[in-house]
Amino acid sequence: MRAAAAAGPMADAQYILPNDIGVFSLDCREAFRLLSPTERLYAHHLSRAAWYGGLAVLLQTSPEAPYIYALLSRLFRAQDPDELRQHALAEGLTEEEYQAFLVYAAGVYSNMGNYKSFGDTKFVPNLPKEKLERVILGSKAAQQHPEEVRSLWQTCGELMFSLEPRLRHLGLGKEGITTYFSGDCTMEDAKLAQDFLDSQNLSAYNTRLFKGVSQDGRACYEVRLASVLSTEPALHSEMTSKLKSYEFRGSHFQVTRGDYAPILQKVVEHLEKSKAYAANSRQEQMLAHYIESFTQGSIEAHKRGSRFWIQDKGPIVESYIGFIESYRDPFGSRGEFEGFVAMVNKAMSAKFECLVASAEQLLKELPWPPAFEKDKFLTPDFTSLDVLTFSGSGIPAGINIPNYDDLRQTDGFKNVSLGNVLAVAYATQREKLTFLEEEDKDLYIRWKGPSFDVQVGLHELLGHGSGKLFVQDEKGAFNFDQEAVINPETGEQIQSWYRSGETWDSKFSTIASSYEECRAESVGLYLCLNPQVLEIFGFEGADAEDVIYVNWLNMVRAGLLALEFYTPEASSWRQAHMQARFVILRVLLEAGEGLVTVTPTTGADGRPDARVRLDRNKIRPVGKPALERFLRKLQVLKSTGDVAGGRALYEGYAAVTDAPPECFLTLRDTVLLRKESRKLIVQPNTRLEGMVAVAVVVVTAMMVTMVKMTRNL
């Protein structure tokens, strides 16, 4: 490895967090106050389980992330940020440089690592490495634990600042850094491993892959499952029968377990404690299966727990925990650890309940034949929640889970909209609102929040919640009529489907997450045109038309902003949702007739700028038919498991070129020039006082507050 580039003020702005980055706190005080003492204790122990489990994300991000976290924890446990500031100034740092260090530390805590959760780009301290080294090695932590602190710094100091090309982004092989795979793994290794896992009916969600070379020169692979147990004998045939050596296509595979064992031990301890405060037997059984899953390394046990979770309708304290989203696995199959705990917001939940009641009728409005929709709509829970805890690398606005295809088809799912997260997302300053016409800005600010509520509701419930996968099970039986079902795109019988053991993620791998987000976003845009939907959310007449316009305008603007998350050097996208929004922008531009235009301009500051325009009068006559055609193609290709067709369609729209008239590669430079850093979110914490759980809710949006919070974890 070459010497690390000094990441002082000369560092590329896209790899630093600015000192004026927005920091907002999640407010859940009122919702937590309304909980009973038992409910508070239930929430507290689930929160502790989530926070402990979230530490696994450090090990899932980069080789240096756990060491950076440990080093920062040592520093701030030994000295209050204010006290450390005095030491830093005495060591020669300026106020701006110490603020930059706090911003970096807050970024590590907020993203659970040194890569941005939204975009997978590395961020580095915006101060000279030599100055930070003096602060660390002269700190009180270094005085108390000299060998440990020096060792931590020696392990992570160079990598903390390095901006070598391969280290700038998460990726596999030469394309970036990942710890889901050992450093010598390639995409071909990932594909081989997925085929092996499918052959053994093993899920990749809770695994990592490590490659080696056997004595006879053949490739050998270790598939390591996340679990508390490692080599200990256990009377559990479901998993122990899988823990052995295999020969597969000329390579040696060894299935082991025990990944993240110390972390998962703490998760299990608090899940055990939370059982004592469960509201009903479904919650107790759910927790028991989660404990079994994390102890044994069994995804099947997690599925069983998820079934009880789906059945637990309308709980006062909602939660979910496990290896969930596969966005950051370069291959798209391995789940990042995630855990959330939240309380119900009853007013908004009532609107979502009305949407659920209308769901079966609204599904008929979607532009694909009935045979491509689930045989039976399993009425889900859909609640608006105020988040108490969300561990992982980032916090979404809404969730549709579980992600297991078989459960979604047969048992259903739950939808949640995270109300206090959305409230933070709504905050938009007019002067920072880029790429819109002046006459659109006030309307956008007025209706962005309400339109986003509508979009999130439709995206989660009827986007992710719609559509059928055509499957042939292990006995050869099909879940569709091979003779009667016709592909509406070809006029022929169905030619492809999912075999036993195959899933959406395993078949579509690298495009699966973004493709599915694109389908869900498109459903939201398509169905928001339905007056019945808007009435559910309380919008009629001119207000309803404004909600539609701002929802569509927000999507096409997001498609332009998405260019920040495209890497030209690798011709790759780094963020699934933003890739999806760019694809939708391309579809609507292709519709023509002046529906959408993106025009380069020069800003008032003399620098390059751009304007996005949407003709609101052409949304229904031009935009809706274009989206209808696109949505039908997306669903048909997904239902039939047509990977080649799906890739051709999706990757075609996702291609970023400098072809006129838009010249997107040139526009990308403009987007980077005018981008605003994503906000950091300070979450509440809980502690026990006697036998009562007390929420510690942060109300001051300051970097020091975020750092202080971590001292209590």
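## Close-up views of a predicted model

**View 1. Aromatic pairs, starting from Phe323.** Phe323 is buried, with 5% relative accessible area. Keep in mind that what you're looking at is a predicted model. Search the whole structure for aromatic pairs and you get 33. Take Phe248 and Phe253: their ring centres are 6.1 Å apart and their planes meet at 80°, so this pair goes down as edge-to-face. Phe248 has a relative accessible area of 14% and counts as buried, and Phe253 is buried too, at 0%. Now back to Phe323, whose ring pairs with that of Tyr260: here the centres are 5.9 Å apart and the planes are at 25°, so the pair is stacked. The Tyr260–Phe323 pair ties together distant parts of the chain, with the two positions 63 residues apart. Tyr260 comes from the loop between β5 (251–259) and α12 (261–275), while Phe323 belongs to strand β6 (residues 317–325). Tyr260 is buried as well, with 6% relative accessible area.

**View 2. A cluster of rings that includes Phe248 and Phe253.** Which residues do ring pairs link into this cluster? They are Phe196, Tyr221, Tyr246, Phe248 and Phe253. Look for the edge-to-face pair from the previous view, Phe248 with Phe253, with its planes at 80°.

**View 3. Two charged side chains over aromatic rings, Lys507 on Tyr498 and Arg678 on Phe118.** The charged end of Lys507 is placed over the ring of Tyr498, at 5.9 Å from the ring centre. In the other example, Arg678 sits over the face of Phe118, and the distance to the ring centre is 3.8 Å.

**View 4. Glu460, a position flagged in UniProt.** The UniProt record, an unreviewed entry, puts an "active site" feature at Glu460. In the model, this residue is part of helix α19 (residues 438–463). Is Glu460 buried or exposed? Glu460 is buried, at 6% relative accessible area. What does Glu460 touch, once neighbours within four places in sequence are set aside? Its contacts are Phe382, Gly398, Ile399, Asn400, Asn415 and Gly465. With Ile399 there is a polar contact to pick out: the Glu460 side chain reaches the Ile399 backbone nitrogen at 3.5 Å.

**View 5. Helix α18 and what its buried residues pack against.** In α18 (residues 419–426), the buried residues are Asn420, Val421, Leu422 and Val424. They pack against three strands named here with their ranges, β1 (23–25), β8 (381–391) and β10 (414–418), and also against α19 and β15 (680–682). Helix α19 is the one that carries Glu460.

**View 6. Helix α5, from its cap to the glycine that follows.** Begin at the N-terminal end of α5, which is capped by Asp80: one of its side-chain oxygens lies 2.8 Å from the backbone nitrogen of Asp82. Along α5 (residues 81–90), the buried residues are Pro81, Leu84, His87 and Ala88. Why do these residues end up on the same side of α5? Because the arc they cover around the axis is only 115°. After α5 comes Gly92, with a positive phi near 105°.

**View 7. Positive phi at Asp120 and Asn201.** Most residues other than glycine have a negative phi. Asp120 has a positive one, near 60°, and is found in the loop between α6 (95–111) and α7 (129–137). Asn201 has a positive phi near 55°, and its loop runs between α10 (187–199) and β2 (207–213). How do their surroundings compare? Asp120 is buried, at 8% relative accessible area, whereas Asn201 is exposed, at 56%.

**View 8. Cis peptide bonds leading into Pro402 and Pro661.** Most peptide bonds are trans. The bond from Ile401 to Pro402 is cis, with omega near 5°. Pro402 is in the loop that connects β9 (398–401) to α17 (405–410). Pro660 and Pro661 are also joined by a cis bond, with omega about 5°. You'll find Pro661 in the loop between α25 (643–654) and α26 (664–673).

Key:
Residues are numbered from 1 along each chain as its sequence is written. This is a predicted model: local features need pLDDT of at least 70, side-chain atom pairs count only at pLDDT 80 or more; totals for chains, interfaces and linings use all residues. Side-chain values use heavy atoms; hydrogens and water are left out. Buried means under 20% relative accessible area, exposed over 50%, partly exposed in between (1.4 Å probe, protein chains only). Helices (H or I, at least four residues) and strands (E, at least two) are DSSP runs, numbered from the N terminus. The arc is that of the directions from the helix axis to the C-beta atoms. A polar contact is a pair of N or O atoms within 3.5 Å; within protein, one must be able to donate a hydrogen and the other to accept it, and residues adjacent in sequence count only if both atoms are side-chain atoms. Rings of Phe, Tyr and Trp (its six-membered ring) pair if their centres lie within 6.5 Å; planes under 30 degrees apart count as stacked, over 60 as edge-to-face and the rest as tilted. A charge sits over a ring if NZ of Lys or CZ of Arg is within 6 Å of the ring centre and within 35 degrees of the ring normal. UniProt positions are given in the numbering used here, feature names are shortened, and annotations may be inferred rather than shown by experiment. Contact means heavy atoms within 4.5 Å.
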